[in-house]
Amino acid sequence: MSWTPGSVRGFGRQALRGLSQVLFRADGRTGALFCLALCTVDWRYGAYALGGAALGTATARLLGTTRERAGSGLDGLNPALFALCCAALLGPARPATALFAAAGCVVVTIATAALTRLLSVWQLPPLTAPFCLAATALTTAAPAFERLRPPPGSTPALAAAPASAPAALPLDATVQAFFHNISQILFLDRWYAGALLLAALFLANRTAGWVACAGSAAGLLSAWALGAPAARIADGSLGCNAVLAALALCGALLPATPATLPYALLAAATATAVTPALASLAGGHAFTWPFVVTTLGFLLAARSFPRLTASRERRRGNPLAVRTRLRLPSAP
């Protein structure tokens, strides 16, 4: 593989697309805005995420990934999330964190290829399962290693917490929770970062932006209806997987239609409900396991419902014209 000036520019776009794939976009400008959202909290978070996407993309290109996959940015998705997870859990300032994140990104890239091949038997995508596996292994193993042990007093990202008595959620906290559901996808607990991510999503695709809003609202309402503690609702740790599930099942992996929207919102509520259980099974950190498990289950079920998988006639320029990346055959 030769690295010409054109290929270097193309590599930069692919790395940014890897970051944008966190919310199912394949757009370099969207990835740049996502990186900006991370930098508003800590510039090192942006550096880790973009560096992880770049390292994953470079590894896949050096190993000979397909042109289509490289152009989509999918090879940078899981490494970007893993590098960002390392920064959030282990502290971005430590050299050991950077070295471990870099090595882990290479492993996650290979794990992504393995899971992609394995799940292709059922025509299912790996989603963020490679990141979840690596992040769960990290949180389990880190306490055993002095140089990887989280700093004293650090707050675990997306950690499970025992339920306490539910409390009323003030209006301002409710609004912040709505945006926290989006920002927590990137381990951020700043509402303005969530607002910036949502704005970037609207700029990329208006339908995707509205679906993300609906998914965040579904996660917030389902957590409140189940009696979750106000603090857990407000910080977005219960609702972030709802946003991902809604985006996946209404526009990304299934077409965005009036039939798939309620189906996606049901999946969003389900992802919220199973978050505490999966967090307990995964050693106290849910990460995006609820999104992965719920989305794969709902995708398999969609094969039995042709109305969910059938393509509709779309007018040119219709904002609902979101091409599905995964063709799901109907049940025999």
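## A buried loop residue

Phe287 sits in the loop that links helix H13 (260-281) to helix H14 (289-302). This is a predicted model, and in it Phe287 has a phi near 50 degrees, which is a positive value in a residue other than glycine. With a relative accessible area of 0%, Phe287 is buried.

## Another positive phi

Gln123 also turns up with a positive phi, near 55 degrees, and again the residue is something other than glycine. You'll find Gln123 in the loop between H6 and H7. Gln123 has 39% relative accessibility, so this residue counts as partly exposed.

## The helices on either side of Gln123

The loop holding Gln123 runs between H6 and H7, and those two helices pack against each other. Helix H6 covers residues 95-119 and helix H7 covers residues 129-141; their axes are 8 Å apart and meet at an angle of about 135 degrees. That angle makes H6 oblique to H7. As for handedness, H6 and H7 cross in a right-handed way.

Who does the touching? On the H6 side, the contact uses Phe100, Val108, Ala111, Thr112 and Leu115. H7 brings Ala129, Pro130, Phe131, Leu133, Ala134 and Leu138. Sort the residues of this H6 and H7 contact by type and you get ten nonpolar, one polar and no charged.

## Cysteines without disulfides

How many disulfides does the structure hold? Zero. Take Cys39: the closest cysteine sulfur to its own belongs to Cys35, and at 4.4 Å that is too far for a bond, because a disulfide needs the two sulfur atoms within 2.5 Å. Cys39 is partly exposed, at a relative accessible area of 33%.

Cys85 tells a similar story. Its closest cysteine sulfur is in Cys86, 5.8 Å away, so that pair is too far apart for a bond as well. Is Cys85 buried or exposed? Cys85 is buried, with a relative accessible area of 0%.

## The chain as a whole

Zooming out, the chain has 15 helices and zero strands. It runs to 332 residues, and buried ones make up 52% of them. Phe287 and Cys85 are among the buried residues, while Gln123 and Cys39 count as partly exposed.

Then there's the question of how far apart in sequence the contacting residues are. Of the contacts in the chain with a separation of 6 or more, 73% come from residues 24 or more positions apart.

Terms used:
Residues numbered from 1 in each chain as written. Predicted model: local features only at pLDDT ≥ 70, side-chain atom pairs only at ≥ 80, totals over all residues. Heavy atoms only, no water. Buried < 20%, exposed > 50% of the residue type's maximum accessible area, 1.4 Å probe, protein only. Axes fitted to C-alpha atoms, helices over the stretch in contact; angles between N-to-C directions. Helix = DSSP H or I, 4+ residues; strand = E, 2+ residues; numbered from the N terminus. Parallel < 35°, antiparallel > 145°, perpendicular 65-115°, else oblique. Left-handed = near helix turned anticlockwise from the far one by under 90°. Contact = heavy atoms within 4.5 Å. Nonpolar A, V, L, I, M, F, W, Y, C, P; charged D, E, K, R; others polar.
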